[in-house]
Amino acid sequence: TPAPAYQWQVSTDGGTTWSDLADTPAETTPANGVRVSGATTAELVLAPVNLALLDHRYRLSATNSEGATLAGPTALALALRATVAGRLQLSLADPA
């Protein structure tokens with residue numbers, strides 16, 4: 001099976017519309033203060049976690065030559081870890 005290309009997406013309106021996330025360039029300070037890394041990998045990191053993330057939903061798109069699939073928080077086992085530094089990490093979890 002060909003390796004998939006990943007793309008994390010975010011919805012700020014309860015899942016009605018979705019936008020692709022992009023990594024925050026090192027020289028940029030985001031308006032909401034939250035840096036994004038891993039937007040096109042199996043693991044997304046958002047830091048620091050703050051109230052700007054309240055009610056945001058995340059899903060992962062995986063595509064290869066065999067097709068595409070969307071996995072949302074309700075259909076995907078997500079490993080969520082918030083550290084003391086305020087970092088939130090979303091990743092594909094081993095279903096076993």
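In the predicted model, strand E1 and strand E5 (residues 57–64) run antiparallel and are joined by seven bridges. Within this pairing, Val10 lies opposite Tyr58 of E5. Strand E1, which spans residues 5–11, also pairs with E2 in the antiparallel sense, here over two bridges. On that side Val10 faces Ser19 of E2, and Gln9 has Asp20 of E2 as its bridge partner. Val10 is thus set opposite Tyr58 in E5 and opposite Ser19 in E2.

These strands belong to an open sheet of four strands with the order E2-E1-E5-E6 and antiparallel pairing. The edges of the sheet are formed by E2 (19–20) and E6 (67–71); each has a single partner strand, so one side of each is left without a neighbour in the sheet. Strand E1 is largely enclosed by the rest of the structure, because five of its seven residues are buried.

A further pairing involves strand E3 (residues 35–37) and strand E4 (residues 43–47), which run antiparallel and are joined by three bridges. Arg35 has Ala47 of E4 as its bridge partner. The hairpin of E3 and E4 has five residues between the strands, and Gly38 in this hairpin adopts a positive phi near 85°. Ala47 is also one side of a cis peptide bond, the other being Pro48, with omega at about -10°. Pro48 itself is placed in the loop between E4 and E5.

At the level of the whole protein chain, eight strands and zero helices are found, and the pattern along the sequence reads β-β-β-β-β-β-β-β. The chain has 96 residues, of which 31% count as buried. Its exposed area is about 6000 Å², with carbon and sulfur atoms supplying 56% of that area. Of the contacts between residues at least 6 apart in sequence, 48% join residues at least 24 apart.

In soluble globular proteins, nonpolar side chains tend to be buried together. The largest nonpolar core of the model consists of 11 residues: Trp8, Val10, Leu21, Val34, Val36, Ala39, Leu44, Leu46, Leu53, Tyr58 and Leu60. At least two residues of this core come from each of E1, E4 and E5. Val10 and Tyr58, which stand opposite each other in the pairing of E1 with E5, are both among the core residues. Leu21, another core member, touches Gln7, Trp8, Gln9, Val10, Ala39, Leu44 and Tyr58, when residues up to four places away in sequence are not counted.

Several loop positions were also examined. Thr24 is located in the loop between E2 and E3. With a relative accessible area of 18%, Thr24 falls under the 20% limit and is therefore buried. Leaving aside residues up to four places away in sequence, Thr24 touches Pro30, Val34, Arg35 and Val36. Of these contacts, Val34 and Val36 are part of the largest nonpolar core, while Arg35 is the bridge partner of Ala47 in E4.

The loop between E4 and E5 contains Val49 and also Ala52. Val49 has a relative accessibility of 38% and so counts as partly exposed. The C-alpha atoms of Val49 and Gly33 are separated by 8.7 Å, although the two residues are 16 residues apart along the chain. Ala52 likewise counts as partly exposed, at 30% relative accessibility. The C-alpha to C-alpha distance between Ala52 and Asn32 is 6.1 Å, with 20 residues of separation in sequence.

Confidence varies along the model. The mean pLDDT of the protein chain is 77, and 74% of the residues score at least 70. By element, confidence is highest in E2, at 94, and lowest in strand E7 (residues 78–82), at a mean of 46. Residues 74–84 have a pLDDT below 50, and this stretch makes 20 contacts in the model beyond near neighbours in sequence.

Terms used
Residues numbered from 1 in each chain as written. Predicted model: local features only at pLDDT ≥ 70, side-chain atom pairs only at ≥ 80, totals over all residues. Heavy atoms only, no water. Pairing = 2+ DSSP bridges. Buried < 20%, exposed > 50% of the residue type's maximum accessible area, 1.4 Å probe, protein only. Contact = heavy atoms within 4.5 Å. Areas by Shrake-Rupley, 256 points an atom, 1.4 Å probe, with all protein chains shown as cover. Core = buried A, V, L, I, M, F, W, Y, C linked by side-chain atoms within 4.5 Å. pLDDT = per-residue confidence, 0-100.
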